[in-house]
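Q: I would like to learn how to read residue contacts, burial and strand pairing from a set of coordinates. Could we work through one case together, beginning with a single residue and its surroundings?

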Amino acid sequence: MCGRYTITVSMEELMYRYLINDSTIIHYAPKYNMAPTQQVPAIIHDGKKNRLGELRWGLVPSWAKDDKSGSKMINARAETLLEKTSFKRLLSTRRCIIPSDGFYEWQQQNSRKQPMRIVLRNGGIFSMAGLYDIWVNTEGKKLSTCTIITTSPNQLMADIHNRMPVILRTEDEEEWLRRDNQETSALKKLLIPYDADQMRAYPVAATVGNVRNDSCELIQEINI
């Protein structure tokens, strides 16, 4: 699963990366330990242009009776999207990108689990494929939520975990976001493991395991 990640760049860098002129995010700050149920930056396409806003991480389907499912549906398996009631409609109608510059996973090493941070070799921002939905409570208040799609591991990740987030190739981002693209068979072909040669992993401090910790020290490489 993908349960923690980072987005440590500035708002200006995010907007430049995704060709966005304005944002609905009022209080943006770099995050070194993004966790489920938090508000996360996300990109959608409104039919004319990319838009940057916030979604709560943990999907609550529009048809849900309450919002309690959010903490459980933080990931969606690429292989079974069209088999799950919560996701199959969203693949054709409500896709998003979750920007990141690294994600964490815990690697079993002898009798302990070592947290690892996985990044691109060039240190750049990458696009995790996501789905979103809008739930409305009995008082009419809207809650916009998302889930990150996962796939089988590439060669790098196979030694760390049996799943990894879907990282879209830069040239596939426009196709993923396009509002008029509802070809689910073609969209599913984009949900593949990212090129392992373009990624690297390194160990970080165990303090990343506590969601209350959120500082630049968390992404520093340690000696083990």
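Q: Which residues does Q107 touch, not counting residues up to four places away in sequence?

A: In this predicted model, where contact means heavy atoms within 4.5 Å, Q107 touches R112, K113, Q114, M116, D159 and I160, once residues up to four places away in sequence are set aside. Q107 itself is found in strand β7, which covers residues 102–109.

Q: Which polar contacts does the side chain of Q107 make?

A: The side chain of Q107 reaches the backbone oxygen of D159 at 2.7 Å, and D159 also appears in the list of residues that Q107 touches. A polar contact of 2.8 Å joins the side chains of Q107 and Q109.

Q: Does one call Q107 buried or exposed?

A: Buried means under 20% relative accessible area, and because Q107 has 15% relative accessibility, it counts as buried. The same reasoning can be applied to G53 in strand β4, which counts as buried because its relative accessibility is 13%.

Q: What is G53 in contact with, leaving aside its neighbours within four places in sequence?

A: With those neighbours left aside, G53 is in contact with T24, I25, V40, P41 and A42. For a sense of distance along the chain and in space, G53 and T207 are 154 residues apart in sequence and 29 Å apart, C-alpha to C-alpha.

Q: How should I read the sheet that contains β7, and in what order do its strands stand?

A: As a general idea, strands of a sheet pair through backbone hydrogen bonds, either parallel or antiparallel. Here 5 strands form an open sheet in the order β2-β1-β7-β8-β13, and the pairing is antiparallel. Strands β2 (31–34) and β13 (199–203) stand at the edges, each with a single partner strand, so one side of each is left without a neighbour in the sheet. From one strand to the next, the twist averages 30°. Within this sheet, strand β1 (residues 5–7) and β7 pair in the antiparallel sense over 2 bridges, and the bridge partner of Y5 in β7 is F103.

Q: Why is strand β10 described as largely enclosed by the rest of the structure?

A: The argument is again one of accessibility: 8 of the 10 residues of β10 (residues 142–151) are buried, so the strand is largely enclosed by the rest of the structure.

Q: Which strands are joined to β10 by bridges, and in what sense does each pair run?

A: It helps to take the parallel and antiparallel cases separately. Strand β4 (residues 50–57) runs parallel to β10 and is joined to it by 2 bridges, with C146 in β10 as the bridge partner of W57. Strand β5 (residues 75–77) is likewise parallel to β10, through 3 bridges, and R77 stands opposite T150. In the antiparallel sense, 7 bridges join strand β9 (residues 126–136) to β10, where Y132 stands opposite C146. Strand β11 (residues 164–165) is also antiparallel to β10, over 2 bridges, and here T150 stands opposite P165.

Q: How many residues lie between β9 and β10 in their hairpin, and what is the phi of G140 in the turn?

A: The hairpin formed by β9 and β10 has 5 residues between the two strands, and G140 in the turn has a positive phi of about 85°.

Key
Residues are numbered from 1 along each chain as its sequence is written. This is a predicted model: local features need pLDDT of at least 70, side-chain atom pairs count only at pLDDT 80 or more; totals for chains, interfaces and linings use all residues. Side-chain values use heavy atoms; hydrogens and water are left out. Buried means under 20% relative accessible area, exposed over 50%, partly exposed in between (1.4 Å probe, protein chains only). Helices (H or I, at least four residues) and strands (E, at least two) are DSSP runs, numbered from the N terminus. Two strands pair if DSSP finds at least two bridges between them. A polar contact is a pair of N or O atoms within 3.5 Å; within protein, one must be able to donate a hydrogen and the other to accept it, and residues adjacent in sequence count only if both atoms are side-chain atoms. Axes are lines fitted to C-alpha atoms, for helices over the stretch in contact, and angles run from 0 to 180 degrees between N-to-C directions.
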